[in-house]
Amino acid sequence: MPKPRSKRSQFLKDIDRWEIDIHYFVNPKGKCPVDDDYLNDLKEVPRDHKVKLAALIRRFAETGRLKDEQLHRLKGRVRDFWVIKAQQHRLYFFKEGNDRIIITHGFKKQTDKLRPEEEDRMLSYRAIYNNLSLYK
């Protein structure tokens with residue numbers, strides 16, 4: 001049986017129907033960057049900010065939309081990626097079909113410009129996700 005490439009967001013456990021199925025990227029070693037390195041690290045994301053991010057994820061899953069200041073498409077090399085924003089906290093994702101997204105990772109943004117290493121990280125995660133041979 002192949003290794004999982006993603007897992008459903010734990011914030012969607014009690015939702016029966018959703019417009020957008022929200023998954024987190026899981027690398028071939030089984031590590032989930034958005035969950036393991038970001039959301040579950042209280043130094044990175046305090047509880048009150050995690051609650052705000054969870055509410056945005058749930059609303060996006062249920063309705064398929066968020067306000068413009070909470071969701072937008074990126075530009076440049078990462079124009080296939082989108083961002084969910086709650087204050088300085090960001091969750092980055094790409095779409096898989098029309099009704100599924102894969103959140104690759106998150107971080108607390110310090111400056112207005114997206115750093116090139118973050119762009120590289122996004123592109124790397126998507127390339128890993130799309131390489132099915134890594135998950136056998």
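In this predicted model, half of the story of the contacts is long-range: among contacts in the protein chain with a separation of 6 or more, 50% come from residues 24 or more positions apart. The chain has 136 residues, and a compact globule of that length would have a radius of gyration near 14 Å; the chain itself comes out at 14 Å, so the two agree. Along the principal axes, the C-alpha trace spans about 40 × 40 × 30 Å.

As for what the chain is built from, there are three helices and six strands. Reading from the N terminus, the order is β-β-α-α-β-β-β-β-α. Of the 136 residues, 44% count as buried. The accessible surface adds up to about 8200 Å², and carbon and sulfur atoms make up 47% of that.

Charges come next. The chain carries 31 positive and 21 negative charges, and the mean positions of these two sets lie 2 Å apart. Side chains of opposite charge can pair when their charged atoms come close. Here the count of such salt bridges is 13.

One of them joins Glu 119 and Arg 77, with 3.1 Å from N to O. This pair ties together distant parts of the chain: Glu 119 sits in helix H3 (residues 116-130), while Arg 77 belongs to the loop between strand S3 (71-73) and strand S4 (81-86), 42 residues apart. The two partners also sit in different surroundings as far as burial goes. Glu 119 has 16% relative accessibility, which is under the 20% cut-off, so Glu 119 counts as buried. Arg 77, at 44%, falls between 20% and 50% and therefore counts as partly exposed.

Helix H3 also holds a pair linked over a short stretch. Arg 121 and Glu 118 meet in a salt bridge, at 3.5 Å from N to O. Because they are three residues apart in helix H3, about one helical turn separates them. Glu 118 is buried, with a relative accessible area of 6%, whereas Arg 121 is partly exposed at 25%. This pair does not stand alone, either: Arg 115, Glu 117, Glu 118 and Arg 121 are linked in a network of salt bridges.

Another salt bridge is formed by Glu 96 and Arg 100, whose closest N and O atoms are 3.3 Å apart. Glu 96 has a relative accessible area of 24%, so Glu 96 is partly exposed. Arg 100 likewise counts as partly exposed, at 24% relative accessibility.

Note on methods: Residues numbered from 1 in each chain as written. Predicted model: local features only at pLDDT ≥ 70, side-chain atom pairs only at ≥ 80, totals over all residues. Heavy atoms only, no water. Helix = DSSP H or I, 4+ residues; strand = E, 2+ residues; numbered from the N terminus. Rg over C-alpha atoms; globule rule 2.2 N^0.38 Å. Buried < 20%, exposed > 50% of the residue type's maximum accessible area, 1.4 Å probe, protein only. Contact = heavy atoms within 4.5 Å. Areas by Shrake-Rupley, 256 points an atom, 1.4 Å probe, with all protein chains shown as cover. Lys, Arg positive; Asp, Glu negative; His and termini not counted. Charge placed at Lys NZ, Arg CZ, Asp CG, Glu CD. Salt bridge = Lys/Arg side-chain N within 4 Å of Asp/Glu carboxyl O.
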